[in-house]
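The following exercises concern strand pairing, hairpin turns and backbone angles. Please work through each task with the sequence and the structure at hand before reading the solution.

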Amino acid sequence: MRARARTFLVNLPHRDAARRYEGEYRAGKRDGAGTYTHADGAVYEGQYRKGKMHGVGIYHHARGAADVSRCRNDAPQGEGVRFSHDRMFAWRLNGGQQGEELSIEFARKLSQAILGATPSPPISPTTTERT
């Protein structure tokens, strides 16, 4: 019988105090939907499995750009989209590697196909609060 998912807000210990995770845990590991904030202000919102990014998600870079992609065992997989900090420009991702520039219309459609959503802009292009 599989353990039921529970949601926790975890502030990681001492040297990792600036990092935090809010989401589902199973068997003591991130599992299910969750949001992980890195010490530099980058944020990953998406799916986890057995403690690793696994499934669809959005990685908000500390400077405001956002990657929409699928991950498997903490590594980006297949096609994705990178949006600029102001969401005015976009590029194709392949396995996490930036490729050709895309029209913003096509990038939004691709993002919808991957995630079912397009990332909202950060609070401000100069802040790291929502990046």
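**Exercise 1.** Determine which residue of S3 stands opposite Gly 23, and describe how S2 and S3 pair.

*Solution.* Step 1: Gly 23 stands opposite Gly 34 in S3. Helices (H or I, at least four residues) and strands (E, at least two) are DSSP runs, numbered from the N terminus. The model is a predicted one, in which local features need pLDDT of at least 70 and side-chain atom pairs count only at pLDDT 80 or more, while totals for chains, interfaces and linings use all residues. Residues are numbered from 1 along each chain as its sequence is written, and side-chain values use heavy atoms, with hydrogens and water left out.

Step 2: S2 and S3 pair in the antiparallel sense over six bridges; two strands pair if DSSP finds at least two bridges between them.

Step 3: The hairpin of S2 and S3 has two residues between the strands, and Ala 27 takes a positive phi near 50° there.

**Exercise 2.** Compare the settings of Ala 27 and Arg 87, and state for each whether the residue is buried or exposed.

*Solution.* Step 1: Most residues other than glycine have a negative phi. Ala 27 has a positive phi of about 50° although it is not a glycine; Arg 87, also not a glycine, has a positive phi of about 65°.

Step 2: Ala 27 lies in the loop between strand S2 (20–26) and strand S3 (29–37). Arg 87 is found in the loop between S7 and strand S8 (90–94).

Step 3: Buried means under 20% relative accessible area, exposed over 50%, and partly exposed in between (1.4 Å probe, protein chains only). With a relative accessible area of 77%, Ala 27 is exposed, whereas Arg 87, at 5% relative accessibility, counts as buried.

**Exercise 3.** Identify the pairing partners of S6 and explain why S6 is largely enclosed by the rest of the structure.

*Solution.* Step 1: Strand S5 (residues 52–60) pairs with S6 in the antiparallel sense over six bridges. Within this pairing, Ser 69 in S6 is the bridge partner of Gly 57. The hairpin of S5 and S6 has five residues between the strands, and Gly 64 takes a positive phi near 110° in it.

Step 2: S6 also pairs with strand S7 (residues 75–83), in the antiparallel sense and over six bridges. Here Asp 67 stands opposite Arg 82 in S7. Two residues lie between S6 and S7 in their hairpin, and Asn 73 in the turn has a positive phi of about 50°.

Step 3: Five of the seven residues of strand S6 (residues 66–72) are buried, and therefore the strand is largely enclosed by the rest of the structure.
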